[in-house]
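Good morning, and thank you for coming. May I ask you to look at the sequence and the structure as I show them, and then to follow me from one contact to the next.

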Amino acid sequence: MELFKTNQLKIYNSLSKSKEIFKPVLEGNVGMYVCGPTVYSNVHLGNVRTFMSFDLIFRYLKHLGYKVRYVRNITDAGHLTDDDSEDKISTKARLEKIEPMEVVQKYTVDFHTILQKLNFLPPSIEPTATGHIIEQIEIIKDILAKGMAYEINGSVYFDVLKYNETENYGILSGRNVEDTIENTRSLDGQSEKKNPQDFALWKKADESHIMRWPSPWSDGFPGWHLECSAMSTKYLGKTFDIHGGGMDLKFPHHECEIAQSNVNNHVHPVNYWMHANMLILNGQKMSKSTGNYILPNEIFTGENKILNKPFSPSATRFFMFQANYRSILDFTSAGLEASEKGYLKLIEAINKLDKIEVAATSTIDIKAWKQKCYDAMNDDFNSPVLIAQLFEAVKYVNLLIEKKETLTAEDLEEFKSTIHMFVFEVLGLQNEVKQNSTDKISGVVEMLINMRKDARDNKDWALSDKIRDELSSLGIQLKDGKEGTTFSVN
Ligand code: AMP
Ligand code: ZN
């Protein structure tokens, strides 16, 4: 690895609550699992923020040269609604009188379309909960055999208090088992559970429940926490490098995943737990259930009363990276406008890079600047600090064009490639400020005029005439004058 990159990447581990030097299980490889969307409604901008944080992390890990297996699931069964009586997908299907898989299809397509517009890289594997029912049943059998779960009326529950006698339920969220009672939503069939903290591994489906699978206990469906344990273990192993998700998944979802894996595999499943912070709207967490949300398409069209105008996907992406992924980000139209301005400034500077002329000496230390960019990202993927360094580069570009600073050919090449790499490859922005086609055609004609001049200097009259005649047949007339050759279009 180059000096810039080194192996000093530090990741904030939510488990140890500190930044740790990243050391993967298998040198040169990274296994990363991120909890995916529950596909029962359109993905909102808050969801997008969390997934985008991990898109940045995925991109940077790849850039560092790691072979990354990135697994992001689709929750298409098992995620219970707020009163926890029914699966979210099932509820939507019942209300809309369509098949649950139609709900899943519709919102999975929406999710993919939005992420594609925002230039996300696809994960390596995108498994679904319904595609892994057998694996989940096997884990339940194992947890039952080890005495850490019990069956009641066709449902199976994880015995949290028993687990907590030997292990620490609360290791990630820092809650003690008593505190978790009030935070545990009332589950359907709560009365049948031994303790309110216990969580469902398998739920018996009642008559009206349309999503159901056979199991040794009942026709029913798996609990939400179980799918992530099943799919992460299947594709990444019993202990893997990174597990991510939004902050709100720490408890109970990830706490339950840890408990399940500790019993099932006798190991803590994850080396680095990463949690992305929330996107806030009107002072509150953006959330589907409270109606306090904005959809990505509303940003692209400007069709939402809180927006003054539409914003492009790259401006939206740039906005998301203005805060570190672990900080809260407040969504406002003004904030988005400021980000758009910054984005345009950056892209304009990139489009001017070719105007910089090479010099005999360098007056800017490009290597030191490049190192600062890497230092920012190596410090727990600190995108706002990287962006500040990119604005330093914008200043350099202007000073270089004005010839107030200079760079050698080698330094200029390094400067250009570093900017391109961080802006397009790592941040995943796109160059939306395309030069218009007239500019491009003018550039091509200028190039041909220069080639014709070279031909004439070499007394290659045949080539020089050919260029003039063929341009003429396209309606572009060349005119030779004292100041050089100009052209006009008929
Ligand atoms: P869900 O589809 O509800 O399971 O959520 C998908 C992902 O979006 C999870 O990782 C959540 O933590 C995350 N999420 C939900 N609301 C927000 C928000 N307001 N800001 C950031 N991430 C969020
Ligand atoms: Zn999960």
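Lys367 has a relative accessibility of 42%, and therefore counts as partly exposed. Please bear in mind that we are looking at a predicted model. Which residue meets the side chain of Lys367 in a salt bridge? The partner is Glu414, and the N to O distance is 2.8 Å. The two residues belong to distant parts of the chain: Lys367 is in helix H12, residues 366-378, while Glu414 is in helix H14, residues 409-426. In sequence, 47 residues separate them. Glu414, unlike its partner, is buried: its relative accessible area is 14%, and the limit for calling a residue buried is under 20%.

Salt bridges may also share partners. Here, Asp55, Arg59 and Arg317 are joined into one network in that way. How many salt bridges are there by this rule? The count comes to 24.

Let me turn to another of these pairs. The side chains of Glu135 and Lys234 form a salt bridge, with 2.7 Å from N to O. Glu135 is located in helix H4 and Lys234 in helix H7, which covers residues 224-236, so this pair ties together parts that lie 99 residues apart in sequence. Are these two residues buried or partly exposed? Glu135 is partly exposed, at a relative accessible area of 23%. Lys234 is partly exposed as well, and its value is 45%.

A further salt bridge joins Lys146 to Asp142, where the closest N and O atoms are 2.8 Å apart. Lys146 counts as partly exposed, with 32% relative accessibility. Asp142 is also partly exposed, with a relative accessible area of 23%.

Asp142 leads us to the packing of helices. In general, two packed helices are described by the angle between their axes and by the distance between those axes. Consider helix H4, residues 133-145, and helix H8, residues 250-265: their axes come within 9 Å and cross at roughly 70°. Why is H4 described as roughly perpendicular to H8? The crossing angle makes it so, because angles of 65 to 115 degrees count as roughly perpendicular. On the side of H4, the contact is made by Ile139, Asp142 and Ile143; on the side of H8, by Gln260, Val263 and Asn264. By character, the residues of this contact divide into three nonpolar, two polar and one charged.

Next, the cysteines. How many disulfides does the structure hold? The number is zero. Take Cys256, which is in no disulfide: the nearest cysteine sulfur belongs to Cys228 and is 11 Å away. A disulfide would require the two sulfur atoms to be within 2.5 Å. Both cysteines are in the interior by the accessibility criterion: Cys228 is buried, with a relative accessible area of 0%, and Cys256 counts as buried at 1%.

Finally, I should like to point to Leu463. Where is Leu463 placed? It is in helix H16, residues 461-473. Leu463 is partly exposed, with a relative accessible area of 36%. Between Leu463 and Met451 there is a separation of twelve residues in sequence, and in space their C-alpha atoms are 9.1 Å apart.

Notes:
Residues are numbered from 1 along each chain as its sequence is written. Chains are lettered from A and ligands numbered from 1 in the order in which they are written. This is a predicted model: local features need pLDDT of at least 70, side-chain atom pairs count only at pLDDT 80 or more; totals for chains, interfaces and linings use all residues. Side-chain values use heavy atoms; hydrogens and water are left out. Axes are lines fitted to C-alpha atoms, for helices over the stretch in contact, and angles run from 0 to 180 degrees between N-to-C directions. Helices (H or I, at least four residues) and strands (E, at least two) are DSSP runs, numbered from the N terminus. Angles under 35 degrees count as roughly parallel, over 145 as roughly antiparallel, 65 to 115 as roughly perpendicular and the rest as oblique. Contact means heavy atoms within 4.5 Å. Ala, Val, Leu, Ile, Met, Phe, Trp, Tyr, Cys and Pro count as nonpolar, Asp, Glu, Lys and Arg as charged, and the others, Gly among them, as polar. Buried means under 20% relative accessible area, exposed over 50%, partly exposed in between (1.4 Å probe, protein chains only). A salt bridge is a side-chain nitrogen of Lys or Arg within 4 Å of a carboxyl oxygen of Asp or Glu.
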